[in-house]
Amino acid sequence: MHEQPDPDPMSGATPSAPARSLVPEGPIRHPDQHRDPVAGTARLPEGGRRPEPGPIAVLPRPTALFVDAAVAGGAEIAPLDARTRGLIWLSERRADELGEILEQYPGIGWVQLPWAGVDGFASVLPRFADGGGPVFTSAKGAYSEPVAEHAIALLHAVMRELGPKARAARWAPVRTGLSLFGAHIVLVGAGGIAAELLRLLAPWRVRVTVVRRSAEPMPGADRTVVAAELRSVLPEADAVILAAASTPESRHLLGAEELALLPAHAAIVNIARGALIDTDALTAALREKRLLGAGLDVTDPEPLPDDHPLWREPRCIITSHSADTPEMTAPLLARRITGNVRGFLGDGRFVGLVDPASGY
């Protein structure tokens, strides 16, 4: 679910920053040194559909790190042509171009997408919702560690009121802030980031309620409820962390009515997608001091306009979609590519399968 604001991993650029290579300068750990948090969840595609192995193209602009990662998995890297059976696609910005390629080359049976979230490919995926076309895999789960780390940093910052304290520029006469120890966390989402958050939060002896689409208990959570029960758990929440996929159903999951159910000491952290929160409702709740604060790595709209009132809200910390930087994600994506190339050429088992019908 999470990625850089410029969705083209070949540049690593943001709208306000110069382009740079996704491959960091200086030493970088080999992909095999990274743990893939969802490696154990690899499974055969729905219905046992198995793509035909064959040459793989890396597009739209191949980078050595990712080409090498594919070769490490046994790939034959070749230019796009009628023989192409696998496609490693490295740009969300050029999603429409991907759609055109898939129409032109129906022999492509597997496509690796670059990010955890795939909402940027909403113009492409629905065409294959009926189960036809290629198997799609994403990086979901691959970036869980840096994103979960960032979420906890934001949670501490909000609960300890670091935003207002840093902006005060004077010695405060009253000590304020809340401890994370023993808090009740409502965690929305049950993917790789949520699993990593549960692991990292354990030392603080928190009580975690996971909110997810299904009622299947989330390992490590104290309680698991379905999305329809979200409002029932908000009144007792000390903090809400959003780590869910962005779909039409999850848009404004936290709206004015949901925010009104939270206690005044509650903290909100969003490291998923900005659309999960009604920005206007959140702005009003913070302005009226009905929440302790918010830590936002993502916003709606994104980027947030320079004159938006959230920038001036002292209890709101915004980190401009930097929970996972190119330096962090490049080796993790490379590891995912190597593993999925092996699945493509081997037993047909993949990690990070995407359901085109549900959009994640």
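Guide: In this predicted model, a residue is called buried when its relative accessible area is under 20%.

Visitor: Why does Y143 count as buried?

Guide: The relative accessibility of Y143 is 2%, and since buried means under 20%, Y143 counts as buried.

Visitor: What makes the pair of W115 and Y143 edge-to-face?

Guide: The ring centres of W115 and Y143 are 5.7 Å apart with the planes at 65°; rings pair if their centres lie within 6.5 Å, and planes over 60 degrees apart count as edge-to-face, so this pair is edge-to-face. The two residues come from distant parts of the chain, 28 residues apart, with W115 in the loop between β3 and β4 and Y143 in the loop between β4 and α3. W115 is buried as well, its relative accessible area being 1%.

Visitor: Why is the aromatic pair of F128 and F136 called tilted?

Guide: The planes of F128 and F136 stand at 50°, with 5.5 Å from centre to centre, and an angle that is neither under 30 degrees nor over 60 counts as tilted. F128, at 14% relative accessibility, counts as buried, and F136 is buried with a relative accessible area of 1%.

Visitor: How do you know that helix α8 is mostly covered?

Guide: Of the 9 residues in α8 (residues 279-287), 7 are buried, among them T279, L282 and L286, and what covers these buried residues includes α7, β9, β10 and β11.

Visitor: What caps the N-terminal end of α8?

Guide: D278 does, with a side-chain oxygen 3.1 Å from the backbone nitrogen of D280, a distance that falls within the 3.5 Å cut-off for a polar contact.

Definitions and conventions
Residues numbered from 1 in each chain as written. Predicted model: local features only at pLDDT ≥ 70, side-chain atom pairs only at ≥ 80, totals over all residues. Heavy atoms only, no water. Phe/Tyr/Trp six-rings, centres within 6.5 Å; stacked < 30°, edge-to-face > 60°. Helix = DSSP H or I, 4+ residues; strand = E, 2+ residues; numbered from the N terminus. Buried < 20%, exposed > 50% of the residue type's maximum accessible area, 1.4 Å probe, protein only. Contact = heavy atoms within 4.5 Å. Polar contact = N/O pair within 3.5 Å; in protein donor to acceptor, adjacent residues only side chain to side chain.
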